[in-house]
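Trainee: I have a new structure open and no idea where to begin. Can you walk me through it?

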Amino acid sequence: MDKLMVLFGNLSGEMKTTGVPLATGVDIEAFKKEDDDFYEVVVEIPAGPSTRGWNYTKFALQSIVDKVMRNTLAGFLGHQRPENVKNEFKTPVTHWVGAKMEGESAFFRGVIDKSSPDLKRWLRTGRIKQVSIFGHPKLQTSNGETQVIDYDALSIDWTPLDRAGMPTKIVATSGEMWDMDGMGPDNKNINGGAKTLNPEELLKELGKMMKNKQITVPMIAGEIGLSVDQVAGEMDSAWLETKTNAEKQLKDVSKALGISGEMNVVEVAKKAAKAIEEKENADFNKLVGEMMDEKVKSDVIKKDIRNPETQIGKFYAYHTQGLTPGMEKDKISGELDNFLADKVIKGIIDTYHTDQPAGLGVTNTNTNTSSGLKTKRTAL
């Protein structure tokens with residue numbers, strides 16, 4: 001389609017920002033270095049129907065995830081005018097730097113730009129919770145239902161509250177999860193009140209205050225009844241213990257890998273880890289392929305599923321990206337069953353048929369008889 005469409009989303013909570021991988025080439029530390037008020041979010045968009053009646057499939061969401069992981073995407077306050085897309089450069093307020101699919105949902109990780117303190121405030125106070133993905137959808141009609149099977153995203157933009165569209169939510173901000181009781185980021189309750197900090201959260205807050213030079217080590221030592229010399233002694237003791245343990249582990253690793261002389265421990269370890277990973281991936285892919293072969297009867301369909309250039313092969317590749325080594329066989333089998341039961345996939349499979357071989361089942365018009373051979377359709 002030539003028309004630009006939007007896919008909507010909003011914020012809530014089950015995942016930390018670090019749970020979403022970064023796109024190739026993204027240096028998250030560079031963002032932190034440039035912004036004293038560094039702020040991240042993760043937005044979830046599940047597959048399913050939109051308010052206009054279109055069904056956004058996981059394949060469409062996977063296309064958006066893939067684009068973010070390849071090139072990243074920018075985010076604006078509201079969408080560009082379609083006629084300005086080709087020649088306008090809007091100042092981005094968010095940099096979408098990572099993404100992943102998990103089950104039926106797509107997760108997008110974004111960094112709020114340093115130039116957008118207002119947006120950070122709106123997110124922290126819960127006044128902005130929704131995004132919409134701006135781009136070109138690819139549609140397919142199946143059983144009277146409009147399926148969105150692909151999506152060429154141009155940007156992931158922030159919208160005012162309660163705009164119609166896909167159900168979406170923010171699931172993390174700056175590494176902190178939003179829980180189901182209304183707790184927002186920075187341990188603030190968006191419904192009022194405060195939350196008691198656990199030790200890990202307290203240390204994190206103290207780290208922020210030290211970075212902003214609101215407190216110092218002597219100030220902390222004084223409050224807990226320790227002298228600066230005692231604090232230094234504790235730090236030296238912990239450092240020495242860590243160093244000793246690290247040296248012992250390094251010696252054990254070198255012995256296990258057979259490293260001697262001038263051999264580089266790190267390089268050998270990397271090669272060993274890579275070889276193990278490749279072996280695990282190869283064994284796992286073989287297992288998944290064998291399980292799929294058991295579920296599919298048609299040799300033609302089996303061949304196309306293995307071919308990433310075919311339509312069904314592309315969908316299969318998207319779907320199996322969520323399968324990872326170590327998964328239980330029952331779960332793998334269930335995921336493959338879900339793939340084959342998907343409406344889009346079933347629609348593609350319905351188009352397959354067995355071609356009639358030349359010279360078979362041809363009626364003799366002179367004698368009104370048949371050769372006696374028949375063609376037969378095969379089903380998945």
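**Salt bridges first**

Mentor: Start with D118 and R121, whose side chains meet in a salt bridge (3.0 Å, N to O). A salt bridge here is a side-chain nitrogen of Lys or Arg within 4 Å of a carboxyl oxygen of Asp or Glu. One caution: this is a predicted model, where local features need pLDDT of at least 70, side-chain atom pairs count only at pLDDT 80 or more, and totals for chains, interfaces and linings use all residues. Residues are numbered from 1 along each chain as its sequence is written, and side-chain values use heavy atoms, with hydrogens and water left out.

Trainee: Which helix do D118 and R121 lie in?

Mentor: Both lie in helix α3 (residues 117-124), 3 residues apart, about one turn of the helix. Helices (H or I, at least four residues) and strands (E, at least two) are DSSP runs, numbered from the N terminus.

Trainee: Does D118 count as buried, partly exposed or exposed, and what about R121?

Mentor: D118 is partly exposed at 38% relative accessibility. R121 is partly exposed too, at 43%. Buried means under 20% relative accessible area, exposed over 50%, and partly exposed in between (1.4 Å probe, protein chains only).

Trainee: How many salt bridges does the structure hold?

Mentor: It holds 12. One of them joins D283 and K279, with the closest N and O atoms 2.6 Å apart. Those two both lie in helix α7 (residues 265-295), 4 residues apart, about one turn of the helix. D283 is partly exposed, with a relative accessible area of 39%.

Trainee: And which residue forms a salt bridge with D152?

Mentor: K67 does, with the closest N and O atoms 2.8 Å apart. This pair links distant parts of the chain: D152 is in strand β9, K67 is in helix α2, and they are 85 residues apart. D152 counts as partly exposed at 37% relative accessibility. K67 counts as buried at 17%. There is also a network of salt bridges that links K58, E104 and D342.

Trainee: Switching to rings. How many aromatic pairs are there?

Mentor: The count is 4. Rings of Phe, Tyr and Trp (its six-membered ring) pair if their centres lie within 6.5 Å; planes under 30 degrees apart count as stacked, over 60 as edge-to-face and the rest as tilted. One stacked pair is F59 and F315, at 4.4 Å centre to centre with 25 degrees between the planes.

Trainee: Where do F59 and F315 lie?

Mentor: F59 lies in helix α2 and F315 in helix α9, so the pair ties together parts that are 256 residues apart in sequence. F59 is buried, with a relative accessible area of 1%. F315 is buried as well, at 6%.

Trainee: What about W96 and W158?

Mentor: Their ring centres are 5.9 Å apart and their planes are at 35 degrees, so that pair is tilted. W96 is in strand β6 and W158 in strand β9 (residues 145-159), 62 residues apart. Both W96 and W158 are buried.

Trainee: Strands next. How many residues of β7 are buried?

Mentor: Strand β7 (residues 105-112) has 8 of its 8 residues buried. S105, F107, R109 and V111 point one way, and A106, F108, G110 and I112 the other. In a regular strand the side chains alternate between the two faces of the sheet.

Trainee: Which strands pair with β7?

Mentor: Strand β6 (residues 94-102) pairs with β7 in the antiparallel sense over 8 bridges. Strand β2 (residues 40-46) also pairs with β7 in the antiparallel sense, over 3 bridges. Two strands pair if DSSP finds at least two bridges between them. On the β6 side, M101 stands opposite A106. On the β2 side, E40 has V111 as its bridge partner.

Trainee: What sits between β6 and β7?

Mentor: A hairpin with 2 residues between the strands, where G103 takes a positive phi near 65 degrees.
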